[in-house]
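This briefing goes through a protein chain by topic, from the overall make-up to strands, helices, cores and charged pairs. Please keep the sequence and the structure open while reading.

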Amino acid sequence: MMKQIRHFLAGVFVMLTCLLMLGTQPVMADEGQGLNEAGDIHNAAQEFADTADQFIIGRNVRMRSSAGASEENVIGEYKFGEPVQVVAELGEWLQVNVTTNAIIREASPRFVHRDFVGGWEQVENKMKVTSPYMIELNRLGEVIFCISCNNSDQVRSEKERAVKLDEINYYRNKIPGIHAYIAGSGLPQATVNEMLEILEIQKDLLDIQEKRLDKAEAGEASAGLFEMMYSSLKKLNEEFL
């Protein structure tokens with residue numbers, strides 16, 4: 001009888017020990033969060049996106065070169081969920097920075113009607129089931145574009161090369177998590193496959209940027225891939241963003 005009690009108490013002790021150990025384990029970030037992890041900031045482009053408190057809350061929202069609605073001042077479209085920083089307010093119109101023109105300092109100002117700018121909660125309220133995955137792919141695409149613009153054909157020092165390589169590796173290491181996020185989404189397989197094809201192109205573009213650090217001519221291979229990435233993103237954004 002005593003022997004059985006000792007075995008029972010030993011088992012209880014082991015269970016309690018395991019529970020205590022589990023309780024002290026660090027909380028791991030969900031790998032599916034990819035570029036959206038809180039505090040996951042590497043460079044200026046990522047800091048811009050992670051600290052933004054205003055976003056585009058409409059779809060097919062026109063980007064304008066001046067305040068006011070006319071066919072002459074349309075210079076493009078904003079993406080749904082795109083982070084923006086408000087630079088100035090002109091009545092019903094807002095002058096904003098988006099990630100790319102904040103980083104590469106494009107000269108032309110950008111405007112949007114205030115009805116299409118709001119907080120993240122408003123973005124979430126208007127999301128489709130597929131929206132979070134497209135937002136992830138679009139953000140990675142913008143980051144790769146910024147890396148490409150800032151990746152000069154001649155690296156002047158080994159230190160500069162190390163910084164650029166660190167940045168490239170940082171985002172390349174994000175790809176498995178984004179892959180798992182999309183693959184485990186429960187979306188139709190055809191949709192998953194289309195999204196993963198874009199992700200593979202983005203990985204190839206990062207690989208090319210690494211090669212450019214040693215051989216400038218390697219960058220020539222990226223032009224066609226960038227075109228493929230943007231055309232594929234545009235097609236999927238129309239349906240799934």
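Helices (H or I, at least four residues) and strands (E, at least two) are DSSP runs, numbered from the N terminus, and two strands pair if DSSP finds at least two bridges between them. The model is predicted, so local features need pLDDT of at least 70 and side-chain atom pairs count only at pLDDT 80 or more, while totals for chains, interfaces and linings use all residues. Residues are numbered from 1 along each chain as its sequence is written, and side-chain values use heavy atoms, with hydrogens and water left out.

**Overall make-up**

- The chain holds 9 helices and 7 strands.
- Of the 241 residues in the chain, 41% are buried (buried means under 20% relative accessible area, exposed over 50%, and partly exposed in between, with a 1.4 Å probe and protein chains only).
- Among contacts with a separation of 6 or more, 66% are between residues 24 or more positions apart; a contact means heavy atoms within 4.5 Å.
- About 13800 Å² of the chain is exposed, and carbon and sulfur atoms supply 55% of that area (Shrake-Rupley method with a 1.4 Å probe; for residues, only the protein chains shown count as cover).

**Strands S4, S5 and S6**

- Strand S4 (residues 83-90) pairs with strand S5 (residues 93-98) in the antiparallel sense, over 6 bridges.
- S4 and S5 form a hairpin with 2 residues between them, and glycine 91 in the turn has a positive phi of about 65°.
- Beside that turn in the sequence, leucine 90 has tryptophan 93 of S5 as its bridge partner.
- S5 also pairs with strand S6 (residues 110-113), again in the antiparallel sense, over 4 bridges.
- Across this second pairing, leucine 94 stands opposite valine 112, and valine 96 has arginine 110 as its bridge partner.
- In a regular strand the side chains alternate between the two faces of the sheet.
- S6 is covered on both faces: Arg110 and Val112 on one side, and Phe111 and His113 on the other, are all buried.

**Helices H5 and H6**

- Helix H5 (residues 131-150) has 20 residues and reaches 29 Å from its first C-alpha to its last, close to the 28 Å expected at 1.5 Å a residue; the expected span is 1.5 Å times one less than the number of residues.
- H5 is mostly covered, with 16 of its 20 residues buried.
- H6 has 15 residues and reaches 21 Å between its first and last C-alpha, close to the expected 21 Å.
- The buried residues of H6 include charged ones, among them Arg161, Lys164, Glu167 and Arg172.

**Nonpolar cores**

- A nonpolar core is a set of buried Ala, Val, Leu, Ile, Met, Phe, Trp, Tyr and Cys residues joined through side-chain atoms within 4.5 Å.
- The largest nonpolar core has 38 residues, of which Met134, Ile182 and Met195 touch the most other members.
- The elements that give two or more residues to this core are H5, H6, helix H7 (175-183), H8 and helix H9 (222-240).
- H8 gives the most to this core, with 9 residues.
- Leaving aside neighbours within four places in sequence, methionine 195 is in contact with Thr130, Tyr133, Met134, Leu137, Ile182, Leu187, Leu236 and Phe240.
- Apart from the largest core lies another, of 10 residues, including Val61, Tyr78, Val96 and Val117.

**Salt bridges**

- The chain has 8 salt bridges, a salt bridge being a side-chain nitrogen of Lys or Arg within 4 Å of a carboxyl oxygen of Asp or Glu.
- Arginine 172 forms a salt bridge with aspartate 207, the closest N and O atoms being 2.7 Å apart.
- Arginine 172 lies in helix H6 (residues 158-172) and aspartate 207 in helix H8 (residues 189-212), so this pair ties together parts that are 35 residues apart in sequence.
- Arginine 172 is buried, at 16% relative accessible area.
- Arginine 172 also forms a salt bridge with glutamate 210, with the closest N and O atoms 2.8 Å apart.
- Glutamate 210 lies in H8 as well, so its pair with arginine 172 of H6 ties together parts that are 38 residues apart in sequence.
- Glutamate 210 counts as partly exposed, at 26% relative accessibility.
- Lysine 203 forms a salt bridge with aspartate 207, the closest N and O atoms being 3.2 Å apart.
- Lysine 203 and aspartate 207 are both in H8, 4 residues apart, which is about one turn of the helix.
- Lysine 203 counts as partly exposed, at 29% relative accessibility.
- Through shared partners, salt bridges join Arg172, Lys203, Asp207 and Glu210 into one network.
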